[in-house]
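Good morning, and thank you for joining this meeting. Please look at the sequence and the structure as they come up, and follow along as I speak.

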Amino acid sequence: MAFLEGRNLHKTYRPSRHNLVHALRGVDVTVGEGEMVGIVGPSGSGKSTLMHVLGLLHAPDGDRNPPASLVFDGVDVTGLPDRERTRMRAERMGFVFQTFNLVPTLTALENVSLPAEYAGRKRTEARKAAGEALAMVGLEDRTGHRPMELSGGQQQRAAMARALVTNPALLLADEPTGNLDSENTAELLDLLRRCNAERGQTMVLVTHDPRVSAACSRVLTMEDGVLVGG
Ligand SMILES: Nc1ncnc2c1ncn2[C@@H]1O[C@H](COP(=O)(O)OP(=O)(O)O)[C@@H](O)[C@H]1O
Ligand SMILES: [Mg+2]
């Protein structure tokens, strides 16, 4: 069985009563365990929406025929209640975003500890894991810094440590190098590759960056709410 498999995924946003945006229009996607899959495609084609659906941040439309189905690591997560989705996300998935999304008032160590605490670890254990994750991304000497006291590249590495602190089976990243210069892109890419190769973490990376897609084992192209080719 595939590690991650979505069938007939649709997602409709309803920004107002008279306005519908059909962002996913029947996506079928299969990701094998240990794969590093890139998702490319024009702006507005539904890449972020697909990442949010695969990462259980949004549920796919539930009123389709045939019905949507989403299976993650042998578990049918399609109709899972919110609580269970949240738990699954906290324990098994890590997320990296283009804008880093660190909490500005917390130190790097505190930011990185949060997901470990959400996943149920005691605070002291979470802090210990956070220290290790920060060391893994080369920020062992920046644990007490707040995001504003870190460079962009360092912030993204801290965000990467935050995604890795629970040692998730699946890492989802949305334009992770979108705000990085080429040197920091190379460093982040190296980190992603290492996590994939050495820790066996499965990755789905939405990207515009040809260097990132070139590092992927497979690249899928999104167009107008569906996957075309790849
Ligand atoms: N929260 C939202 N509410 C309404 N429309 C949205 C929302 N998020 C995304 N969209 C729309 O859905 C479509 C797909 O967006 P998105 O998944 O962000 O594409 P991409 O990441 O490929 O740029 C776009 O038309 C976008 O405007
Ligand atoms: Mg996007």
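How are helices α3 and α4 oriented with respect to each other? In this predicted model, helix α3, residues 108-118, packs with helix α4, residues 123-136, at an angle of about 120 degrees. Angles of 65 to 115 degrees count as roughly perpendicular and those over 145 as roughly antiparallel, and α3 and α4 are therefore oblique to each other. Their axes lie 8 Å apart, and the crossing of α3 and α4 is right-handed.

Which residues meet there? On the side of α3 we find A108, L109, V112, S113, A116 and E117. Facing them, α4 contributes R123, A126, R127, A129, A130, G131, A133 and L134. By character, the residues of this contact comprise nine nonpolar, two polar and three charged.

Let me now turn to L134. Leaving aside residues up to four places away in sequence, L134 touches A108, L109 and V112, and also L139, E140, T143, A158 and A161. In the largest nonpolar core, which has 60 residues, L134 and A161 are those with the most contacts inside it. The helix that gives the most to this core is α5, residues 152-164, with six residues.

I close with E183, which has its place in helix α6, residues 182-198. Is E183 buried or exposed? A residue counts as exposed with 12 or fewer C-beta neighbours within 10 Å. E183 has 9 such neighbours inside 10 Å, and therefore counts as exposed. Along the chain, E183 and F3 are 180 residues apart, and their C-alpha atoms are separated by 32 Å.

Key
Residues are numbered from 1 along each chain as its sequence is written. Chains are lettered from A and ligands numbered from 1 in the order in which they are written. This is a predicted model: local features need pLDDT of at least 70, side-chain atom pairs count only at pLDDT 80 or more; totals for chains, interfaces and linings use all residues. Axes are lines fitted to C-alpha atoms, for helices over the stretch in contact, and angles run from 0 to 180 degrees between N-to-C directions. Helices (H or I, at least four residues) and strands (E, at least two) are DSSP runs, numbered from the N terminus. Angles under 35 degrees count as roughly parallel, over 145 as roughly antiparallel, 65 to 115 as roughly perpendicular and the rest as oblique. A crossing is left-handed if the near helix is turned anticlockwise from the far one by less than a right angle, and right-handed if clockwise. Two residues are in contact if their C-beta atoms, placed from the backbone, lie within 7 Å. Ala, Val, Leu, Ile, Met, Phe, Trp, Tyr, Cys and Pro count as nonpolar, Asp, Glu, Lys and Arg as charged, and the others, Gly among them, as polar. A nonpolar core is a set of buried Ala, Val, Leu, Ile, Met, Phe, Trp, Tyr and Cys residues joined through C-beta atoms within 7 Å. A residue is buried if 20 or more other C-beta atoms lie within 10 Å of its own, exposed if 12 or fewer, and partly exposed in between; C-beta atoms are placed from the backbone.
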